[in-house]
Protein chains: 2
Amino acid sequence: MNLEDKDGGTVLRRTPDKIPVRSWRSLLIGRPLPTADAPQQAIGKLIGLAVFASDALSSTAYATQELLVILIMAGMGALHYSIPISFAIVGLLTILIISYEQIIHAYPGGGGAYIVARDNLGETWALIAGAALLIDYILTVSVSISSGVAQITSAYPPLFNFRVELSVFMVFLIMLINLRGVKESGLLVAIPSYFFVLMMFVAVGFGLIRYLNGSLPTVVNPPPITAEGAVQTITFFLILRAFSNGTSAVTGVEAISNGITAFKEPRSRNAGITLMWMAIILGSLMLGITFLAFHIQAIPSAEETVISQLGRTVFLGRGGPYIALIIATTIILVMAANTAFAGFPRLSAITAEDGFLPRQLTYRGDRLVYSNGIIALAVASSALIVIFGASVNNLIPLYAIGVFLSFTLAQIGMALRWWKSSKMKRGEKIVERGSILTYEKGWQWKLIFNGFGAVTTGVVMVIFAVTKFEDGAWIVIMLLPILVLIFFAIYRHYQNLAGRLSLSEYGTPPTIVRHRVLLLLGGVHRGSLAALRYARTLSHDITAAHVSIDPEETEVLQKKWETWGDGTRLVIIESPYRLFIEPLLEYIEQVESQLNPNEVLTIVVPQFVPGHLWANFLHSRTANTLRNVLLNRKDVVITEVPYQVE
Amino acid sequence: MNLEDKDGGTVLRRTPDKIPVRSWRSLLIGRPLPTADAPQQAIGKLIGLAVFASDALSSTAYATQELLVILIMAGMGALHYSIPISFAIVGLLTILIISYEQIIHAYPGGGGAYIVARDNLGETWALIAGAALLIDYILTVSVSISSGVAQITSAYPPLFNFRVELSVFMVFLIMLINLRGVKESGLLVAIPSYFFVLMMFVAVGFGLIRYLNGSLPTVVNPPPITAEGAVQTITFFLILRAFSNGTSAVTGVEAISNGITAFKEPRSRNAGITLMWMAIILGSLMLGITFLAFHIQAIPSAEETVISQLGRTVFLGRGGPYIALIIATTIILVMAANTAFAGFPRLSAITAEDGFLPRQLTYRGDRLVYSNGIIALAVASSALIVIFGASVNNLIPLYAIGVFLSFTLAQIGMALRWWKSSKMKRGEKIVERGSILTYEKGWQWKLIFNGFGAVTTGVVMVIFAVTKFEDGAWIVIMLLPILVLIFFAIYRHYQNLAGRLSLSEYGTPPTIVRHRVLLLLGGVHRGSLAALRYARTLSHDITAAHVSIDPEETEVLQKKWETWGDGTRLVIIESPYRLFIEPLLEYIEQVESQLNPNEVLTIVVPQFVPGHLWANFLHSRTANTLRNVLLNRKDVVITEVPYQVE
């Protein structure tokens, strides 16, 4: 460390090569990274796609099935509706992608729907969008890990009884990877993500070639149709529900807009290109899988996934390629959780920056990631996994409402932004918190476009909320306003704090003229004499106090104090109910009530410090208890004087 | 509160009618009881029997079945061995009762096997006996609650999935009852205990009358015999195993000897009479049930308990009396846990008094019970319930080894005591820790008697350990030495502590001549100025220190400090890795290394105190972190100056 004199003050500068080593922490998450390294920790498009798209891409593994499962209620004959519906979903995807492309360029600081809503709809809507997204990120982790573990336990049934432990362990692993930094987690995620994309394109490509040369068979031994009640007639509402269910394919596309700051410069451009690539992969896989699923006459069923049926039909059996496809699908389902770990900490840091979440969430850890946000996400999603017993069926109804709410708010926000833009003169420019607004040509079309998008995603959200209400959606709908209220309460707290701490009207208070000291005595020994020695440096006005539970012990103490107490006054507080804190508090209150405004009371507590950590449970920490009870007293300070025992 | 001057010191005396009210605590466990009330809280024989015998009495509900389940391996024809075996068990019971009767009078301070072993076999054996008993008490709670809950869930199967939660909840309830005090728990336990005894005697009495007038039928529709493999021939070892299994009837008889101090004066007499009554009830029920079970040809089976078969045969069907018998049995199984709650805290308090367990266990709570011991037992047994999934089958192999080990050690200890007594002159008297030893006439017989008892209980223990080793007994056998090592480690710690704190060779160290103060600055605001104001009363040698993570913020802070810092020197500690504690520690170490022996360093930390408890998580507690890290430094004291925010 170098000492340097600068501007009259002293600055301690660390020599840059001196990296603090932190033993087991370094082992788990790596050595600390200096702040100056931040640009090198940014990621490119290739890793960015793997980190932020794994959630969206993994949904191709189940979106088609989700869609078919509704259509089959109207019988096999209704399945052909899946083709136009999947085109409609890709249409919705296009609207969302163009919209988020605009958001990424308009708000290069990240934050997605939250920032768009904050700047165009106001704080309350921003917080609703934020809360919805944060909830959805937590659910993404719980759902994707649970579904990944479900795949594993169906392969190894003995593990079924440990599914909760296994899921929590996996959350812990993904947390560790993310605590190491986005770049390192990116490398780990990239391989399975691209492997999944490859296997999917191989499967779809093979299928299409077979279709074109007429050799595409239908599924051998498809799972039985599990008809729930009588076959329904096909209605507009049923098609709407199938569409809504299929839109699970587009969940996750918002992640990039929340995490722009993770990208290398030029950030917006890189993020935008990554978004586009994601859309192309996602859209073509969705269309391809749905098209092939229809032609091979795949049956949506809980017994065998549509992807599995597709794989063994296209690859003509359960050989190597089929197994590779299934393994890739399992891994990507788990990896989807990683996207949430990239999005949640950044979004919560932005929200905390605005004062709506604890400040600690804005703190970048020694690996340059928002460590507290990552840990918070891991804890919250583990809690959900434990509460819901790692059951995908129980968790899924809570999912996707939040993200569609944020889609809707983002689109409404962008529509309003175009409206604002239309009111501006050409050449005029408004810069607000990093976002630049100018007059845009063709704002009418953009407004209509975003308006249409908002209505579509809004309808999907309402369908979700209504059809899944009883199964769990009510929990999310109930949680949202509660979270928003909590956000506001935190905001008010920080505002109050700033007001109370402000020096703007601070008249210097009188200096303290009298310092009273109360020395707590459990017994008379070297520890308490060390405390007395310390107390003497604080003041000459010292009173020793002992809470007497056992009269015999007290008598011994009084005798000893006469010898060793150096003439310090001793007060014995009798405690007929063997309580310790209560009679002591009563006495402290009495002393405190006699204090003048320019007086202060320090309570000195001798504290044994055992040489071994384990031995701490052999001693009570009186000072901690007192501190917690007395924190609200003005002018009372509690000081622990440690005395090393071993 | 009255202030009184006494012997030159000041004594604060509480007016006796002023009982501190502690809101929800009082509601749960009642108002505090003054120490002077202790004699009124002692219990008589009637309640004592219920409190301390419920464990032993409850074992009549399953002992016969445990015995028969071994015999049936040799076919129906072997069941008649149950009659002589049950006489042998009652014989063992007699030996144990007479032995414990002697212990109660020889060691009126309680502590049972632990104290007997301590005084006659030495510390190590005493700790083995103590550890064995403490483990067994924990198991008693886990097993009896789990078996009670198993009875409830077999009546209401929907509750089966909540068996762990239900069990833990019941442990919590029994803990609360016991925290209220032994007298109140006694009243609550007495009713179901005597109801059980009554129902058992009615059932056995009815059965015997029917047997005598020849109207005793055999069981209608007995459960099928579940033969494990081929029928074995009856061997001596099989009979020994049946005997061992049947001795589960005598577990729990040691409880009174551990808890003598709970009884009214004359304690030993009252405890002894209670023990005698327990033995008579236990012995006659054991004999009666086994006799009747044989004559009605009851079949030991997991499907229906022997008690249930006996009940519906004697009472001629499943009418009111049968239901009452079953309900009483269920309740007594749960109540057996209560005996452990009476024994464990007293035994752990005695062990802690000797310095082998944390001192906190000797502390009598405001309801005059060993609250910490009660809570420790509840936590430990709940942990076992959770780990073993509230499964009686998995828990039972761990059970009973500990108690038989303590039986054996107690008997060996008593045998040695008679040997010691034989060496004494008539009229000679040794008083040691409350126990009086004189020459005893007929010591030879007593020695042989206890020696025989020791061999019997030792053999039973070995059979348990061997036959149940793989099923879980190994856990107990492994835990025992570990616990004993922990006991010794705690003892050494307290011995070291006493040595280090002793004033016997204490040369008064030089008074502190220089007090350096380090004021930590996160920012410059009213809170930090309040801390500066406090620091000024400690010393004139103050240095302010700020850990700089963001250079811009640091510049603002430096400017502000120039205005408000009152000329106090400011040190900026740069932190390129965004760490807070590490660079600060490095600086503190540097300052500390320059301290002279008669100097002290106080680190003053400004701490916001939010008005609401919930808001605490919005602020980091720097002082707590520093305190934990710096506790081992001599002459460094950390002081938090609270600043109330709301």
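1. In this predicted model, a useful place to begin is A:Arg514, which counts as partly exposed because its relative accessibility is 34%, between the limits of 20% and 50%. Its side chain meets that of A:Glu599 in a salt bridge, with N and O 2.9 Å apart. A:Arg514 lies in strand β5 (residues 514-520) of chain A and A:Glu599 in strand β8 of chain A, so the pair ties together parts that are 85 residues apart in sequence. A:Glu599, in contrast to its partner, counts as buried, at 5% relative accessibility.

2. Which residues are joined with A:Arg514 into one network by salt bridges that share partners? They are A:Arg516, A:Asp541 and A:Glu599. A search of the whole structure finds 16 salt bridges over all chains, whereas the count between chain A and chain B is zero.

3. Another salt bridge in chain A is made by the side chains of A:Arg312 and A:Glu304, at 2.7 Å from N to O. Both partners are buried: A:Arg312 has a relative accessible area of 11%, and A:Glu304 has one of 12%. In chain B, a salt bridge likewise links B:Arg312 with B:Glu304, where the closest N and O atoms are 2.7 Å apart; B:Arg312 counts as buried at 12% relative accessibility, and B:Glu304 is buried with a relative accessible area of 12%.

4. B:Arg312 also belongs to the buried residues of helix α13 of chain B, as do B:Val306, B:Gln309 and B:Thr313, among others. This helix, residues 306-314, is mostly covered, with nine of its nine residues buried. Against which elements do the buried residues of α13(B) pack? They pack against α4 (63-71), α9 (182-212), α12 (267-295) and α14 (320-353) of chain B. After α13(B) comes B:Leu316, which has a positive phi, near 55 degrees.

5. The largest nonpolar core has 143 residues, and those touching the most other members are B:Phe52, B:Ile145, B:Val253, B:Phe341 and B:Phe404. Helix α7 (residues 123-155) of chain B gives the most to this core, contributing 16 residues. If neighbours within four places in sequence are left aside, the contacts of B:Val253 include B:Ala56, B:Leu93, B:Met278 and B:Phe407. Apart from this core lies another, of 142 residues, which has A:Ile104, A:Leu377, A:Leu480 and A:Val484 among its members.

6. How do the two chains relate to each other? A turn of 180 degrees and a shift of 0.1 Å along the axis lay chain A on chain B with an RMSD of 0.2 Å. That is the relation of a two-fold axis. Since 100% of the interface residues of chain A are also interface residues in chain B, the copies meet through the same surface.

7. The contact between the chains takes 98 residues from chain A and 98 residues from chain B. The area buried between them is about 9300 Å², of which carbon and sulfur atoms give 56%. A:Arg533, A:Tyr577 and A:Arg578 supply 9% of the area that chain A buries against chain B, more than any other three residues. Eleven residue pairs, both members at pLDDT 80 or more, are in polar contact between chain A and chain B. Elements giving two or more residues to the side of chain A that touches chain B include β2 (9-13), α19 (469-501) and β9 (636-644) of chain A, and the largest share of that side, nine residues, comes from β9(A).

Technical notes: Residues numbered from 1 in each chain as written. Chains lettered and ligands numbered in written order. Predicted model: local features only at pLDDT ≥ 70, side-chain atom pairs only at ≥ 80, totals over all residues. Heavy atoms only, no water. Least-squares fit on C-alpha atoms with pLDDT ≥ 70 in both. Contact = heavy atoms within 4.5 Å. Core = buried A, V, L, I, M, F, W, Y, C linked by side-chain atoms within 4.5 Å. Buried < 20%, exposed > 50% of the residue type's maximum accessible area, 1.4 Å probe, protein only. Helix = DSSP H or I, 4+ residues; strand = E, 2+ residues; numbered from the N terminus. Buried area = accessible area lost by both parts, 1.4 Å probe. Salt bridge = Lys/Arg side-chain N within 4 Å of Asp/Glu carboxyl O. Polar contact = N/O pair within 3.5 Å; in protein donor to acceptor, adjacent residues only side chain to side chain.
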